[in-house]
Amino acid sequence: MIAETTPNVIDPFIIIKGRDVLRLLARSGDFKTSITLFNDHIYLDVVHMAKLVATKETLFKRRSRLVGPNQTTKKAIEKLTGCQLIIHGKTTSILGPAAGMKVCRQVIE
């Protein structure tokens, strides 16, 4: 996939937003959620959880703890920070405002 702009583009940061939309779509994000990245105060951060742990067992335990029973922990983090968490494989994508993303990243790490 390629993200391109035209000479008529006013905001040069839109190419970064387009790249983030493609990254989220590649990580199994749905289209409606991905398009919200084009809003001014919404950003994407991808945390590679496999790089934070030594073994697959530890990764599985941390991911399970982050999701919680019936996704209660995930929903609580989303409600408190105003961000959306997309947990897929060995990565977690954080979608939301910058202040909430910082808190989500600290919780994940």
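# Exercises on a predicted model

Asn-70 is exposed, with a relative accessible area of 71%. Here buried means under 20% relative accessible area, exposed over 50%, and partly exposed in between, computed with a 1.4 Å probe on protein chains only. The structure is a predicted model, in which local features need pLDDT of at least 70 and side-chain atom pairs count only at pLDDT 80 or more, while totals for chains, interfaces and linings use all residues. Residues are numbered from 1 along each chain as its sequence is written, and side-chain values use heavy atoms, with hydrogens and water left out.

## Exercise 1: the fold

Task: State how many helices and strands the protein has, and give their pattern along the sequence.

Solution. Step 1: helices are DSSP runs of H or I with at least four residues, strands are runs of E with at least two, and both are numbered from the N terminus. Step 2: by this rule the protein has five helices and three strands. Step 3: along the sequence they follow the pattern α-α-β-α-α-β-β-α. Step 4: for the extent, the C-alpha atoms fill a box of roughly 50 × 25 × 20 Å along the principal axes. Step 5: of the 109 residues, 32% count as buried.

## Exercise 2: the sheet

Task: Find the order of the strands in the sheet and explain why β1 and β2 stand at its edges.

Solution. Step 1: two strands pair if DSSP finds at least two bridges between them. Step 2: six bridges join β1 to β3 (residues 91-96), and these strands run antiparallel. Step 3: β2 and β3 are joined by five bridges and also run antiparallel. Step 4: the three strands therefore form an open antiparallel sheet in the order β1-β3-β2. Step 5: β1 (43-48) and β2 (84-88) each have a single partner strand, so one side of each has no neighbour in the sheet. Step 6: neighbouring strands are turned by 20 degrees against each other on average, direction ignored.

Particular residues show the pairing. Ile-94 in β3 stands opposite Asp-45 and also opposite Leu-85. The bridge partner of Leu-44 is Leu-95 in β3. β2 and β3 form a hairpin with two residues between them, and Gly-89 in the turn has a positive phi of about 65 degrees.

## Exercise 3: what covers β3

Task: Decide whether β3 is mostly covered or mostly open, and name the helices that touch the sheet.

Solution. Step 1: six of the six residues of β3 are buried. Step 2: in a regular strand the side chains alternate between the two faces of the sheet. Step 3: Thr-91, Ser-93 and Leu-95 point one way from β3, Thr-92, Ile-94 and Gly-96 point the other way, and all are buried. Step 4: contact means heavy atoms within 4.5 Å. Axes are lines fitted to C-alpha atoms, for helices over the stretch in contact, and angles run from 0 to 180 degrees between N-to-C directions. Step 5: α1 (residues 14-26) packs on the sheet and touches β1, β2 and β3, at about 45 degrees to β1. Step 6: α5 (residues 98-108) lies across β1, β2 and β3 and runs at about 10 degrees to β1. β3 is thus mostly covered.

## Exercise 4: a helix and the loop after it

Task: Check the span of α3, then find positive phi values in the residues that follow.

Solution. Step 1: the expected span of a helix is 1.5 Å times one less than its number of residues. Step 2: α3 (residues 56-67) has 12 residues and should span 16 Å, which agrees with its end C-alpha atoms being 16 Å apart. Step 3: Gly-68 follows α3 and has a positive phi, near 80 degrees. Step 4: most residues other than glycine have a negative phi, and most peptide bonds are trans. Step 5: Asn-70, although not a glycine, has a positive phi of about 55 degrees. Gln-71, also not a glycine, has a positive phi of about 60 degrees. Step 6: Asn-70 lies in the loop between α3 and α4 (72-81), and Gln-71 is in the loop between α3 and α4 as well. Step 7: Gln-71 counts as partly exposed, at 37% relative accessibility.
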